[in-house]
Amino acid sequence: MNFSISSLATWIFIIFFITPSFGQENIDKIIESIEKYNQAYPYEKVYLHTDKPHYILNDTIWIKAYGLIETGKDDLEKTPSVPLYVELIQDRVVPYVSRIVLKLENGLGQGDIVLPRGLRPGVYTLRAYTEWMKNFGEEAFFEKNIWVGELGDGWEFINQNPKLNLSFFPEGGYLVEGIESKVGFKATNAIGKGADVLGYILNSKMDTILRFESEHLGMGAFNFTPVPNESYEIRAKSAEQGWTRFSFSEIQKSGYILKIDPLFGKAESKVSIIKHPSAKPKSLHLIGQSKGKVVFRKDLDADKPENSFILDQEDFFPGLVTFTLMDEETHLLAERLVYFLPFAQASGKFRTEKTDYSPKEMVRMDIEVLDEFGMPIVGDFSVSVTDAYQVMHLENSQNIVSYLQLSSELKGEIEQPFYYFNPENPNAEKYLDNLLLTQGWRRFSWENLAKLNELPTYNFESGLTLNGRVSKLNNKPVEEVHKLTMLVNHWYGDPLVYEGETDKSGNFTFLGMDYQDTVGIFLQAYIEKEKASGKKSEVKRNEVEIFDPEIPKPKMASLIGLPQGDQFLDYDDYIVTVKEARNLMEQFVLNKEIELGEVTVRGRRSDQIPDTRTIQYNDKPELSMLVNEDYHASYQNVYQLIRGRFPGVNVYGDVFDMMNPPAILMRGGLISGPASGRPAVGGAAIFIDGSPATPQLAATIPVAEIERVDILRSLAKSAVYGSQGAGGVVNILTKRGNPNRDFSEVDILGNATLVTQGYAPIREFYVPPMVPDISAPIAIDFRSTLFWLSFVESDLRGKLYLEFPLSEGRSEVRVTLEGLSRRGEPVYTTHTFNVK
């Protein structure tokens, strides 16, 4: 592990010699600062469970999101973030292919991405992040690289460049003359995958000092003692590249060596700190950090040439621990990353009613989720059931356990990350330690302590956010606070109204909003001026700008986690059958389409769709008013619009009061509504597009959205509405409610408009019926995803239950369960069975 003592010492100096904490020892100060930093900047993680790791064209990606935050407590907590931004990105291409916003509730969310038609086959990146995660850079984002294309076609990621990369990582950070050290090394090819390597260390006389060879995915380790005043170089080769010269690690004249052997004994680790004779520290201290808090501290004997002791791994929670060696001035002398108890994880027991299944049968299954001690786990999970002959799950690929416990803590992508958590791999712990020797640590950086004097740039979002600015017509800043009214038009109910105000410079932010799917936003900014008569008027001589959301730039997708070569050779006959069935379905659809030659059509539009909004009075109101653009800027709502405009129709009350709107009185009847202070008797009934509505709702409709206002004043006309129409009827016809409206030419009017994206609507995974309808079109069922369940909870016994139908395929079925226990512990377990 490489780090710069000079740069880190500078940051430590800033923290401890500029801040006023002089009453404590330096080591106490740094521990206190670490804890303060983790409280001020808690680390947030998100993970996406998808139904499968790769997709065909025109497929759907089903997603379950899990969000956690480390606050320094023993148990991880569900993230307070609500919007989670999920993007499907093609290599460095802007804009993204698709983008949705998932709504996290108690750290959990769900959604799906329908792959656009015309998408070309290739490697795509599924990226997820919250606003808070931007404080830690793009390396904190969740990323998953997927292949989109035909089964097996184009999977040949051939490495045309034979370049071999080889790096060395001394344990603790440095080699020191005369002291034996463990050195990790990692060899990769041009696309970043591990490459088997053989090499030699040569001295200045070109004598061979040591031979080394990689053990797993291009990684390995060896012990080496540098001789004083000697230099070394490396000769190494791989299967793709011949003998090549490489530089070796830097060797220091003096310093410290931090050795940790996590395999010293059963659940025991040996720690040794060795110092060069020329090093004369006044004191030495070793601290350990894990999951956002300091979990270990030991003061060492600075006079001894070597300090050694044994750590009981049972004293630590399973996971990564970073040990840092410091002197009395808190200089960072050495650092080492260790993983304790990688096999301490949950398991699952799967039970079915039958041992053998046939195509199209119904499967009933229960799953019992247990911790490492065999105790039941209560938690939230998602389940994917796939056709294992169509869906290739790479061995030891990423899952919720390997991501939250390992990959999210380290720099760079890890190849086969779950290998290190599988107890069936006899060398898993040894190879995991080699991995940690060669990977940098990203969970915490000492430079981060300087942020304690700053506020976070990005905050947790409790809902959707909209930012903007109000300026003068000449684009100069305004000089006073402006009031804001925002209307959000969506397709799931009545419009949403938000009110607020700017700061003195015109900047504004709407926080915590909640709307779904694509919406149109209409925003007005104004100041109130009092006339000589005492009445208030709204002045809107300004420009309003709504800022585009800040979207981080994409980066090049990694090929490390993707397969190489055709992985479906064993199932060629079956894959051919699946492709033929899909082609047959596509041809069936095409045959139902008729392509016309070029024709020219002249004539009038065919009969319009009947407008049922006015069917009660046959579209023949007694009084009516068309609302054109001349009224848009002068009137705020329908009450102000119709006041004094119709004979025999009186509006009583404050037309600008949206909470207690005015009452409408016809034919000398009693005043109704909130303005009267008594129950409605004889007042006009309010309808919007022919449906009963409250006066408050009518007051929120912008005049620009009103197409026409119809009045039924006489009892003869309004009687068709029964007792509701006893006091007359006001029917507000909106543009959106017109069934013959041409929406392609509609612009949202106002000071500022925006079409934006709310939370992704939640759809159910479609499961075809066991017996198809006889009138249904042809259907051949070769689904690759047989079943997807986003939300399922285990009971107090750790059990959950599934029921799903099989497809027509005779293949292997794979059931994958991922999720979190109530304590925030990740759970991953799988089961397979055959369909004969």
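A residue counts as buried when its relative accessible area is under 20%, as exposed when that area is over 50%, and as partly exposed in between. The legends below use these words for a predicted model.

**View 1. The whole predicted protein, with its eight helices and 47 strands.** Of the 836 residues in the protein, 51% are buried. The accessible surface of the protein comes to about 40,200 Å², and carbon and sulfur atoms hold 50% of this surface. Among the contacts in the protein with a separation of 6 or more, 69% are accounted for by residues that lie 24 or more positions apart.

**View 2. Residue S384 in strand β28.** With a relative accessible area of 2%, S384 is buried, because that value falls under the 20% limit. The side chain of S384 reaches the backbone oxygen of D51 at a distance of 2.5 Å. Leaving aside residues up to four places away in sequence, S384 touches H49, D51, F787, W788, R814, V815 and T816.

**View 3. The open sheet of four strands that contains β28.** The strands follow the order β44-β28-β46-β47, and their pairing is antiparallel. The edges are taken by β44 (785-793) and β47 (826-834), and each of them has a single partner strand, so one side of each is left without a neighbour in the sheet. On average, and with direction ignored, neighbouring strands of this sheet are turned by 10° against each other. Within the sheet, strand β28 (residues 379-387) pairs with strand β46 (residues 812-821) in the antiparallel sense, over nine bridges. One residue to look for is F381, whose bridge partner in β46 is G819. In general, the strands of a sheet pair through backbone hydrogen bonds, either parallel or antiparallel.

**View 4. The open sheet of three strands in the order β32-β29-β35.** The pairing in this sheet is antiparallel. Strands β32 (507-513) and β35 (543-546) stand at the edges and have a single partner strand each, so one side of each is left without a neighbour in the sheet. Neighbouring strands here are turned by 25° against each other on average, again with direction ignored. Strand β29 (residues 464-471) is joined to β32 by five bridges, and these two strands run antiparallel. Residue N467 has T509 as its bridge partner in β32.

**View 5. Helix α2, which covers residues 26-40.** The helix has 15 residues and reaches 21 Å from its first C-alpha to its last, which is close to the 21 Å expected at 1.5 Å a residue. The buried residues in α2 are N26, I27, K29, I30, I31, S33, I34, Y37 and N38.

**View 6. Two loop residues with a positive phi, K291 and N618.** Most residues other than glycine have a negative phi. K291, which is not a glycine, nevertheless has a positive phi of about 50°, and K291 is found in the loop between β21 (284-290) and β22 (293-300). With a relative accessible area of 25%, K291 is partly exposed. N618 is another residue other than glycine with a positive phi, near 55°, and its place is in the loop between α5 (572-591) and β36 (623-626). N618 is exposed, with a relative accessible area of 59%.

Terms used
Residues are numbered from 1 along each chain as its sequence is written. This is a predicted model: local features need pLDDT of at least 70, side-chain atom pairs count only at pLDDT 80 or more; totals for chains, interfaces and linings use all residues. Side-chain values use heavy atoms; hydrogens and water are left out. Two strands pair if DSSP finds at least two bridges between them. Axes are lines fitted to C-alpha atoms, for helices over the stretch in contact, and angles run from 0 to 180 degrees between N-to-C directions. The expected span of a helix is 1.5 Å times one less than its number of residues. Buried means under 20% relative accessible area, exposed over 50%, partly exposed in between (1.4 Å probe, protein chains only). A polar contact is a pair of N or O atoms within 3.5 Å; within protein, one must be able to donate a hydrogen and the other to accept it, and residues adjacent in sequence count only if both atoms are side-chain atoms. Contact means heavy atoms within 4.5 Å. Accessible areas come from the Shrake-Rupley method with a 1.4 Å probe; for residues, only the protein chains shown count as cover.
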